[in-house]
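Trainee: Please take one part of this model and go through it closely. I would like a single connected account rather than a list.

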Amino acid sequence: MPASPPPASEHLALREAAPGVWAALAAPAGLAASNAGIVDLGGATLVFDTTFSPASAAELRAAAEQLTGRPATLVLNSHWHDDHVFGNGVFGPDAAIHATAGTLAIMRATTPGHIAEFKQHWPRQLAEWSRQAEAAASDADRREWEDGVRFARAIIATFPDLQLRLPTHTFSERALLSGTRRTAEFITLGGGHTASDAFLWLPADRVLFTGDLLVTGNHPDLTAGDPQRWLAILAAFKALRPSRLVPGHGELAAVADIEALEQYLGYLLQLADEMNARAEPLPAPAAPALLPAFAAAWANQEAFVRNLEFCRKRSAGSGRQ
Ligand SMILES: [Zn+2]
């Protein structure tokens with residue numbers, strides 16, 4: 001008895017990707033900070049990724065329950081990044097959390113420290129932004145700092161609910177999650193964006209939830225992964241011939257967005273080789289002159305130089321320059 005209108009949401013915007021399948025897209029000013037998904041398997045409800053905060057995860061959990069008429073008992077983590085797993089603790093002990101064995105190993109080693117750092121960082125950030133708001137030279141500047149202050153306060157308010165919850169089930173190649181309505185395939189082809197990335201493929205619906213292996217309108221983060229292997233994973237995405245793609249960040253995507261990311265990775269790898277060959281110094285942050293035209297309007301532009309630096313170190317290390 002699924003409800004028809006999607007529940008109102010502060011942190012997430014729900015889009016139906018197929019009957020019984022929803023993308024939960026991070027709202028720009030909310031605390032989700034990454035996209036997630038809800039899948040009615042028939043007899044069981046699955047949630048793909050748990051977003052950045054307990055507040056947004058609670059909204060995701062409530063939406064899943066309202067849309068499918070039952071609690072989500074299958075929860076997936078596409079990779080270890082905090083903005084995809086910090087909501088895990090909101091899903092109760094009845095929920096099984098699936099991830100690759102590689103992702104669990106990384107989370108076991110690093111996520112407790114990330115949570116501790118996060119709880120130390122935000123009160124400091126709030127104090128800093130409050131000072132900036134008071135000292136702002138113009139009303140426009142002050143309003144911008146005050147937006148930050150509100151965001152920091154909202155994050156801090158979620159601390160009591162931010163608890164470590166690690167994946168409970170692991171797999172090494174593919175996990176099949178079946179219900180009476182559809183089968184979902186949780187697949188890893190190794191690491192591209194991180195050391196271990198998994199994506200969700202719904203073959204009957206041709207819907208692909210990519211995690212951060214695809215982002216739209218944003219610079220991707222290359223610095224925890226392997227860009228060459230990432231390109232091989234993107235080729236595998238295209239071979240699936242998906243009709244709907246839910247990226248880790250940004251709006252619903254199409255195959256053209258995969259191609260834009262391929263172009264971005266290829267461009268950076270080539271630029272890194274060329275700059276290494278010329279022993280050129282690293283450019284200043286942002287480096288707008290080096291940005292390819294197709295990525296000029298992408299958000300998260302500060303990632304570009306970090307990505308370039310990472311590719312140059314790899315290129316130098318592999319002796320390919
Ligand atoms: Zn990520």
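Mentor: Gly89 is partly exposed, because 17 other C-beta atoms lie within 10 Å; the class covers counts between the buried limit of 20 or more and the exposed limit of 12 or fewer within 10 Å, with C-beta atoms placed from the backbone. This is a predicted model, in which local features need pLDDT of at least 70 and side-chain atom pairs count only at pLDDT 80 or more, while totals for chains, interfaces and linings use all residues. Residues are numbered from 1 along each chain as its sequence is written.

Gly89 sits in the loop between helix 2 (82–85) and strand 6 (96–100). Helices (H or I, at least four residues) and strands (E, at least two) are DSSP runs, numbered from the N terminus. Apart from neighbours within four places in sequence, the contacts of Gly89 are Pro54, Asp161, Leu162, Gln163, Leu164 and Arg165; a contact requires C-beta atoms, placed from the backbone, within 7 Å. Between Gly89 and Leu166, 77 residues apart along the chain, the C-alpha separation is 8.4 Å.

The domain assignment, whose bounds come from an automatic or database source, gives domain 1 as 12–104 + 163–253 and domain 2 as 264–318. Taken over C-alpha atoms, the centres of domain 1 and domain 2 are 28 Å apart. Nine residues of domain 1 contact 14 residues of domain 2.

Next, the sheet. Five strands form an open sheet in the order 8-9-10-11-12, with mixed pairing; two strands pair if DSSP finds at least two bridges between them. Strand 8 (174–178) and strand 12 (244–249) are at the edges with a single partner strand each, so one side of each has no neighbour in the sheet. On average, neighbouring strands of this sheet are turned by 25° against each other, direction ignored. Strand 9 (residues 183–188) and strand 10 (residues 198–202) run antiparallel and are joined by four bridges, and Phe186 has Leu200 in strand 10 as its bridge partner. Helix 5 (residues 227–240) lies across strand 10 and strand 11 (207–215), at about 160° to strand 11; axes are lines fitted to C-alpha atoms, for helices over the stretch in contact, and angles run from 0 to 180 degrees between N-to-C directions.

As for the whole protein, there are seven helices and 12 strands. Of its 321 residues, 42% are buried. Residues 24 or more positions apart account for 66% of the contacts with a separation of 6 or more.

Definitions and conventions. Contact = placed C-beta atoms within 7 Å.
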